[in-house]
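Biologist: I have a new protein open on my screen. Can you walk me through it?

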Amino acid sequence: DKRNSFGKKNFKDSILQKICIIHNEEIWKEITQTQSSSNLILIPSFGIPEDLSFLQQNNMKIVVPFDAKNGKTLYLERLNILKIKQILADQGCYDLRSFNGTSLLSLQRELLSEARDLPTWLKIEKDRLVLLKLAIVGKWNRYSKKDTLFISDLCDLLYPEIERFAKRLCFEQEAPIEEKNGSYEIVGQKLIIKNITTFFSIDEIREIVQKILSVFEKYDEKFDLSSENRFYESIQKSTYSEDLRIGISKGLAYLSNNGQEVIVSEEISKILGKDWKSMASLDPYISILAEAAPEKFLKWLEDCLNIDQENPLLNLYRNTEKDNPFFIGSTSYTGFLFGLEKLAWKRQYFKRVVYILLKWTALTKNEKTAISNSPEKSLRNLFRVYLPQTELKYNEIYNVLDGLKKTTRKLLYII
């Protein structure tokens with residue numbers, strides 16, 4: 001019975017609020033002499049008080065902790081603010097990384113102020129789990145059958161219930177969701193994910209990420225067709241909307257940058273197939289997923305480059321779509337190039353990105369394509385004299401090249 005459980009919880013909370021642990025006999029005497037002490041549950045940690053029988057006769061509520069094995073009074077360790085912060089962080093209650101107070105009173109004030117600052121829709125406990133799932137999804141099309149079925153399965157609710165929930169939040173103060181052109185979109189996706197993940201455990205977040213990534217598990221069947229017929233197949237086929245997939249990619253990137261990189265990286269690595277069709281299916285979203293799991297993304301490409309027969313990156317380059325009635329052509333690898341270019345801005349990934357682009361360029365040097373994007377062009381942009389596409393300084397770039405001479409001298413002629 002929910003009402004009974006709710007009543008038990010309230011009773012438990014009211015009891016906890018009255019408990020007062022006292023570590024010093026002098027303080028004990030001061031407190032027990034006040035009239036308000038009769039409303040408290042007093043726990044002496046220093047031993048058995050001398051005036052115990054007298055206080056009990058005056059209706060004082062006193063609990064003396066005993067060791068069941070030895071029958072001795074237990075010592076209750078004094079509350080430590082660092083331990084409390086750690087416990088609250090482990091339980092996912094509050095994000096206290098920025099709190100530098102040293103007293104329990106300052107911690108209490110911080111928690112109260114943080115609770116006051118939360119929007120109304122974040123204070124309702126039963127709504128948080130649904131909102132976290134929708135926040136990671138980011139955006140979905142209400143007219144896409146695949147989208148609505150996915151959202152319903154993810155939240156374990158009928159879709160009409162989810163839509164009522166979304167519409168209600170659209171009219172809240174500081175509304176976290178807005179409806180636009182037939183789609184629901186999370187407003188301030190990054191900030192909401194940062195605020196709401198503190199209420200959930202690592203295992204709960206992992207389970208949500210696993211469910212969400214099911215959107216990317218199966219490769220797009222249009223890649224079974226010839227390149228000339230793929231465009232028409234993508235129009236006729238019912239599949240997840242681009243809004244949904246791009247929204248999820250961004251949500252995972254925000255989640256990863258908010259301290260959940262290990263979980264996100266591990267789960268993303270499970271959908272990274274080493275065949276060109278799986279890779280081509282991920283191309284529109286891989287540049288965002290690369291930010292969510294940079295180490296796994298680079299390792300994946302390094303492993304693919306070492307495949308001798310039917311190399312997936314070579315096949316990815318070869319399978320360019322042709323005869324598109326609206327465009328000159330399109331590719332299934334530009335997302336991978338954009339992902340590499342993004343990671344090249346970071347010092348710790350620059351050398352690995354250069355090595356991947358070098359090997360990919362050597363692999364495709366005899367291939368012809370009408371598309372201007374290529375591994376070679378991305379590689380040259382990293383070493384431009386004017387505005388190189390990295391945060392490294394010129395001397396650091398030169399040191400990277402100098403180091404590559406020892407292992408990849410034959411490939412460096414490309415630059």
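Modeller: One term before we start. Two strands count as paired if DSSP finds at least two bridges between them. And keep in mind that this is a predicted model.

Biologist: Okay, then which residue in β6 is the bridge partner of Lys139?

Modeller: Glu185 is the partner of Lys139 in β6. There is also a bridge between Asn141 and Ser183 of β6. In total, three bridges join β4 to β6, which covers residues 183–186. These two strands run antiparallel.

Biologist: What is the strand order in that sheet?

Modeller: The order is β4-β6-β5, in an open sheet of three strands with antiparallel pairing. The edge strands are β4, residues 139–141, and β5, residues 177–180. Each of these pairs on one side only. On average, neighbouring strands in the sheet are turned by 15° against each other, with direction ignored.

Biologist: How many bridges join β5 to β6?

Modeller: Four bridges, and β5 and β6 run antiparallel. One of the partners is easy to find: Ile177 pairs with Ile186 in β6.

Biologist: And what sits in the hairpin of β5 and β6?

Modeller: Two residues lie between the strands there. Look at Asn181, which takes a positive phi near 50°.

Biologist: Which helix lies across β4, β5 and β6?

Modeller: That is helix α9, residues 159–170. Its direction is at about 105° to β5.

Biologist: New topic. What holds a strand to its neighbour in general?

Modeller: Backbone hydrogen bonds pair the strands of a sheet, either parallel or antiparallel.

Biologist: Then which strands here run parallel to β2?

Modeller: Strand β1, residues 19–22, is joined to β2 by four bridges, and the two run parallel. Strand β3, residues 61–62, is joined to β2 by two bridges, and that pair is parallel too. You can check partners on screen. Ile22 has Pro44 of β2 as its bridge partner. Ile41 has Lys61 of β3.

Biologist: Which residues cover the two faces of β2?

Modeller: Strand β2 spans residues 41–44, and both of its faces are covered. Ile41 and Ile43 are on one side, with Leu42 and Pro44 on the other. All four are buried.

Biologist: Let's switch to charges. How many salt bridges are there in the whole structure?

Modeller: The search finds 19. Start with Arg168 and Asp127, where the closest N and O atoms are 3.0 Å apart. This pair links distant parts of the chain: Arg168 is in helix α9 and Asp127 is in helix α7, residues 125–137. They are 41 residues apart.

Biologist: Is Asp127 buried or exposed?

Modeller: Asp127 is buried, because its relative accessible area is 7% and the cut-off for buried is under 20%. Arg168 is partly exposed, at 35%.

Biologist: What else does Arg168 meet in a salt bridge?

Modeller: Its side chain also meets that of Glu172, at 3.7 Å from N to O. Glu172 counts as partly exposed, with 22% relative accessibility.

Biologist: Where are the partners Glu295 and Arg352?

Modeller: Their side chains meet in a salt bridge at 2.7 Å, N to O. Glu295 is in helix α15, residues 294–305, and Arg352 is in helix α18, residues 347–363. They lie 57 residues apart, so this pair also links distant parts of the chain. Glu295 is partly exposed at 40%, and Arg352 is partly exposed at 23%. There is a network as well. Salt bridges with shared partners join Arg142, Glu163, Lys167 and Glu179.

Biologist: Last thing. Where is confidence lowest, and where is it highest?

Modeller: Helix α12, residues 230–236, is lowest, with a mean of 54. Helix α8, residues 145–155, is highest, at 93. The protein averages a pLDDT of 78, and 72% of the residues score at least 70.

Biologist: What about residues 1–6?

Modeller: Their pLDDT stays under 50. The model has zero contacts for them beyond four places in sequence. Where pLDDT is low, the predicted coordinates should not be read in detail.

Notes. Residues numbered from 1 in each chain as written. Predicted model: local features only at pLDDT ≥ 70, side-chain atom pairs only at ≥ 80, totals over all residues. Heavy atoms only, no water. Axes fitted to C-alpha atoms, helices over the stretch in contact; angles between N-to-C directions. Contact = heavy atoms within 4.5 Å. pLDDT = per-residue confidence, 0-100. Buried < 20%, exposed > 50% of the residue type's maximum accessible area, 1.4 Å probe, protein only. Salt bridge = Lys/Arg side-chain N within 4 Å of Asp/Glu carboxyl O.
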